[in-house]
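The exercises below are meant to be worked through with the coordinates open. Try each task before reading the solution that follows it.

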Amino acid sequence: MYDLHVHSIYSNDSYPWATFANICNEAIAKGLKGICFTDHVDIDYPGITDVFDLNDYCNELNNIINSYGNSIEIYKGIELGLQPHIIEENKAFSSKSDIDFVLGSIHVVDKKELYKNEYLEGKTDHEGILSYFKDLKLSINSFTDFDSLGHIDVVRRYLLNGESSFVYNIYKDYIVDILEYLIDKNIGIEINTSGKRYGLCSFHPYPEILALYKDLGGEIVTLGSDAHKPEDLGYAFNEALELLKALKFKYYCIFKKRKPIFIRID
Ligand SMILES: [Zn+2]
Ligand SMILES: [Zn+2]
């Protein structure tokens, strides 16, 4: 199995022992075939002024590939924070030739953090969800240089009344619109197993959204734990693969030099 959503200490929300080496050792111990590091590149994230040094990151990853590359496949990726007003800045990162995989994710809505519920100030959960979809659509309308959309229904995690406010049928039209667009652009979606780790009723996204993606003709699904510490690598992957099988997916994808490689689900 391959984990395509892994954070190291290059992400400021990771645990201090999430070094490249510790992650590789744990991945090998867990029997993973490969991992892709996807550290955060979140331009104009509220309160953060650090600039991500992509060259330094890739150089360090090349060193770790030299050390561990015989034991495990290691890919170089980033989790690129999508926002409607940073299109050109994001292109500067996604266009770097040394990268294998770009995971596009929404972490900020209306320039406010999802994480601290700030985007909900003065809003109901319903209004917050609509703002999330509006920013997501605006972001991808003008920027498509990413390979898979991370945790498409992550907003479920950050609602005043919990995920029960996110009723699939109410938002289905918005989701169809986004999925059709992604499929047209050959962009995949992610099963992010952290949903369950955070106590939600399912992975991200809801199984209904995965089924919809399949019905609409989508074939590119990446699998990620969103681990911020080595212990969480490959979290619940057997269950995720069973879910994909039940939904009649025959493959999931990894990415090498920005090209999908289809891995058969046994
Ligand atoms: Zn994320
Ligand atoms: Zn992440």
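**Exercise 1.** In which sense do strand β2 (residues 34–41) and β3 pair, and over how many bridges?

*Solution.* Bear in mind throughout that the model is predicted. Step one is to follow the two strands alongside each other: β2 and β3 pair in the parallel sense, and 8 bridges hold the pairing. Step two is to pick out one of the partners, and here Asp-39 is bridged to Ile-78 of β3. Step three is to trace the connection, where β2, helix α2 (residues 54–68) and β3 form a β-α-β unit that is right-handed. The chain then continues from β3 through helix α3 (residues 87–94) to β4, and this crossover is right-handed as well.

**Exercise 2.** Determine how strand β3 is joined to β4, and how far β3 is covered.

*Solution.* Start with the pairing: β3 (residues 73–81) and β4 (residues 101–105) run parallel and are joined by 5 bridges. Among the residues concerned, Gly-81 has Ser-105 of β4 as its bridge partner. Then turn to burial, for which a residue needs 20 or more other C-beta atoms within 10 Å of its own; by that criterion 8 of the 9 residues of β3 are buried, and the strand is mostly covered.

**Exercise 3.** Write down the strand order of the open sheet of 7 strands, and explain why β1 and β9 each have one side without a neighbour in the sheet.

*Solution.* The order in the open sheet is β1-β2-β3-β4-β7-β8-β9, and the pairing is parallel. Since β1 (2–6) and β9 (221–224) stand at the edges, each has a single partner strand, and therefore one side of each is left without a neighbour in the sheet.

**Exercise 4.** Describe the hairpin of β10 and β11, including the backbone of Lys-257.

*Solution.* Strand β10 (residues 251–256) and strand β11 (residues 259–264) pair over 6 bridges in the antiparallel sense, and one of the partnerships links Cys-253 to Phe-262 in β11. The hairpin has 2 residues between its strands, and in it Lys-257 takes a positive phi near 50°.

**Exercise 5.** Characterise the packing of helix α1 (residues 20–29) against α2.

*Solution.* First consider the geometry: the axes of α1 and α2 are 10 Å apart and the helices pack at an angle of about 40°, with a crossing that is right-handed. Next consider the residues: α1 makes the contact through Phe-20, Ala-21 and Cys-24, and α2 through Glu-60, Ile-64 and Tyr-68.

**Exercise 6.** Is Ser-165 buried, partly exposed or exposed, and what surrounds it?

*Solution.* Begin with its place, which is in the loop between β7 (148–149) and α5 (168–184). Ser-165 has 16 C-beta neighbours inside 10 Å, so it counts as partly exposed. Leaving aside residues up to four places away in sequence, Ser-165 touches Asp-125, His-126 and Leu-159. Thr-124 lies 41 residues from Ser-165 in sequence, while their C-alpha atoms are 9.6 Å apart in space.

**Exercise 7.** Why does the radius of gyration of the protein chain agree with that of a compact globule?

*Solution.* The chain has 266 residues, for which a compact globule would have a radius of gyration near 18 Å, and the value for the protein chain is 17 Å, so the two agree. The C-alpha trace spans about 50 × 45 × 35 Å along its principal axes. Of the 266 residues, 44% count as buried. Among contacts with a separation of 6 or more, 76% come from residues 24 or more positions apart.

Note on methods. Residues numbered from 1 in each chain as written. Chains lettered and ligands numbered in written order. Predicted model: local features only at pLDDT ≥ 70, side-chain atom pairs only at ≥ 80, totals over all residues. Pairing = 2+ DSSP bridges. Helix = DSSP H or I, 4+ residues; strand = E, 2+ residues; numbered from the N terminus. Buried ≥ 20, exposed ≤ 12 C-beta atoms within 10 Å, placed from the backbone. Contact = placed C-beta atoms within 7 Å. Rg over C-alpha atoms; globule rule 2.2 N^0.38 Å. Right-handed = clockwise from strand over helix to strand, strands pointing away. Axes fitted to C-alpha atoms, helices over the stretch in contact; angles between N-to-C directions. Left-handed = near helix turned anticlockwise from the far one by under 90°.
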